[in-house]
Amino acid sequence: MAEKTPEQNVKEFRGVVRKLEQLSVENECVNVSANERTVAVGYDPLNGSARVTEYREVATLLEEFPGPLDDLQKWSKFMVESDKVLQDGKTLRVFLYTFRGLSATLPVAPNASIDLDRDASQEERDAAAAARRKAERDSKIVKQRNFEILEPYMCRLRDLQDFNDDLGNTLHTFLDNYTLYAENPREVVPSQVKERAVELVDMLVQLDNLKDMKASILNDFSLFKRCLKGIEDDTDPDKVEEYNGMVKKLSLFLADPSNPKSIMFHKARKQLQGVENYDVPLVMLCEFCRKRIKHNLYLTSEEKH
């Protein structure tokens with residue numbers, strides 16, 4: 001088919017304009033008033049007839065159909081909460097990825113114990129006692145400095161543990177909301193909600209693997225506990241109690257005998273198993289991911305993997 005010349009295009013355009021000029025609307029005003037509940041159009045040029053459309057206020061619709069609005073509010077709240085969790089997860093992901101062990105680079109506290117022979121003279125004993133006191137002072141100084149260096153990193157690990165709880169609660173909310181939809185097959189879960197749930201699970205797996213890969217975390221944690229033990233006498237009792245509580249929680253999080261690996265994943269799984277029919281939405285998410293991969297419904301490699 002040959003292309004049209006510019007003259008032909010202009011001629012066709014003018015013909016369309018003439019047809020539009022011939023179009024007439026008998027009643028150009030829509031008869032609407034504040035007291036009426038109908039919108040009356042005298043003439044509809046598309047259908048060639050008059051029509052009357054019932055007007056219903058938004059408030060009335062929401063009163064008659066509260067279900068969709070409640071569902072929308074639930075998913076909207078879920079999206080807001082999950083976005084905050086994801087942002088925290090991204091920050092922690094950078095922390096774990098760039099984390100390097102500190103225990104191997106920090107100075108070792110001097111040993112304050114000095115062995116003396118039984119036949120040592122009093123002068124030698126006094127010298128040994130003075131050396132012991134100096135070693136104890138130096139040891140406390142080294143432990144105090146090491147503690148101050150390690151404390152921010154231990155606090156970040158505590159944030160990671162809190163993040164594990166927050167992410168589990170957010171996924172728990174997703175499963176609770178979805179089980180209501182499973183009872184009514186006609187209801188549809190928005191695709192944005194499914195994508196967000198997949199992102200949460202993906203973030204959980206990434207952080208869990210990064211934590212297990214960093215063997216230096218346990219070394220730094222062990223040194224932190226030893227330093228805390230050495231400065232307890234010179235530290236505020238309330239602070240010591242707070243740190244001991246943090247150490248106790250982190251001990252189960254970093255080195256749980258029942259789950260030495262993938263503790264974050266196991267903890268979230270145990271939390272989600274409390275939801276009735278929790279397997280239904282998880283199967284749905286797997287099917288959702290399968291379809292997206294099959295039809296290439298992704299833009300970046302991160303979305304794909």
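Reader: Which residues gather in a patch of negative charge on the surface?

Author: In this predicted model, the patch of negative charge on the surface is formed by Asp-236, Asp-238, Glu-241 and Glu-242. One of these residues, Asp-236, belongs to the loop that runs between helix 6 (216-230) and helix 7 (237-254).

Reader: Is Asp-236 buried, partly exposed or exposed, and how should such a term be read?

Author: A residue is called buried under 20% relative accessible area and exposed over 50%, with partly exposed in between. Asp-236 has a relative accessibility of 41%, and therefore counts as partly exposed.

Reader: What does the overall architecture look like, in terms of helices and strands?

Author: The protein contains 10 helices and two strands. Following the sequence, their order is α-β-β-α-α-α-α-α-α-α-α-α.

Reader: What share of the residues is buried, and what is the accessible surface of the protein?

Author: Of the 305 residues in the protein, 28% are buried. The accessible surface amounts to about 21,000 Å², and carbon and sulfur atoms account for 53% of it.

Reader: How may one judge which contacts join residues far apart in sequence?

Author: One takes the contacts between residues at least 6 apart in sequence and asks what part of them joins residues at least 24 apart; in this protein that part is 73%. A single residue can then serve as an illustration. Asn-164 is located in helix 4 (residues 122-182). Neighbours within four places in sequence set aside, Asn-164 is in contact with Leu-204, Phe-253, Ile-263, Met-264, Lys-267 and Ala-268.

Reader: Is Asn-164 buried or exposed?

Author: Asn-164 counts as buried, because its relative accessibility is 1%.

Reader: Where is Val-142, and how is its distance from Ile-231 to be read?

Author: Val-142 is also placed in helix 4. With a relative accessible area of 17%, Val-142 is buried. Separation along the sequence and separation in space are two values for one pair: Val-142 and Ile-231 are 89 residues apart in sequence, and their C-alpha atoms are 10.0 Å apart in space.

Reader: What is the general idea behind a salt bridge, and how many does the structure hold?

Author: Side chains of opposite charge can pair when their charged atoms come close. The structure holds seven salt bridges. Among them is the one in which the side chains of Asp-88 and Lys-84 meet, at 3.3 Å from N to O.

Reader: Where do Asp-88 and Lys-84 lie, and how accessible are Asp-88 and Lys-84?

Author: Both are part of helix 3 (residues 66-98), where they are four residues apart, or about one turn of the helix. Asp-88 is partly exposed, with a relative accessible area of 32%, whereas Lys-84 counts as exposed at 55% relative accessibility.

Reader: Which salt bridge in helix 5 joins residues about one helical turn apart?

Author: Arg-196 and Glu-199 form a salt bridge, and their closest N and O atoms are 3.3 Å apart. These two residues of helix 5 are separated by about one helical turn, because they are three residues apart. Arg-196 counts as buried at 14% relative accessibility, whereas Glu-199, at 37%, counts as partly exposed.

Reader: Which residue forms a salt bridge with Glu-195?

Author: The partner of Glu-195 is Arg-292, with the closest N and O atoms 3.1 Å apart. Glu-195 lies in helix 5 (residues 191-213) and Arg-292 in helix 9, so this pair ties together parts that are 97 residues apart in sequence. Glu-195 is partly exposed, with a relative accessible area of 28%.

Reader: How should a positive phi be read, and which sign do most residues other than glycine have?

Author: Most residues other than glycine have a negative phi. Ser-262 is not a glycine, and yet its phi is positive, at about 55 degrees. Ser-262 is found in the loop between helix 7 and helix 8 (263-272), and is partly exposed, with a relative accessible area of 23%.

Reader: What is the phi of Asn-277, and where is Asn-277 found?

Author: The phi of Asn-277 is near 60 degrees, a positive value in a residue other than glycine. Asn-277 is found in the loop between helix 8 and helix 9 (279-294). With a relative accessible area of 48%, Asn-277 is partly exposed.

Terms used:
Residues numbered from 1 in each chain as written. Predicted model: local features only at pLDDT ≥ 70, side-chain atom pairs only at ≥ 80, totals over all residues. Heavy atoms only, no water. Patch = residues over 30% accessible without salt bridge, like charges linked within 9 Å, V, L, I, M, F, W, Y side chains within 5 Å. Areas by Shrake-Rupley, 256 points an atom, 1.4 Å probe, with all protein chains shown as cover. Salt bridge = Lys/Arg side-chain N within 4 Å of Asp/Glu carboxyl O. Lys, Arg positive; Asp, Glu negative; His and termini not counted. Charge placed at Lys NZ, Arg CZ, Asp CG, Glu CD. Buried < 20%, exposed > 50% of the residue type's maximum accessible area, 1.4 Å probe, protein only. Contact = heavy atoms within 4.5 Å.
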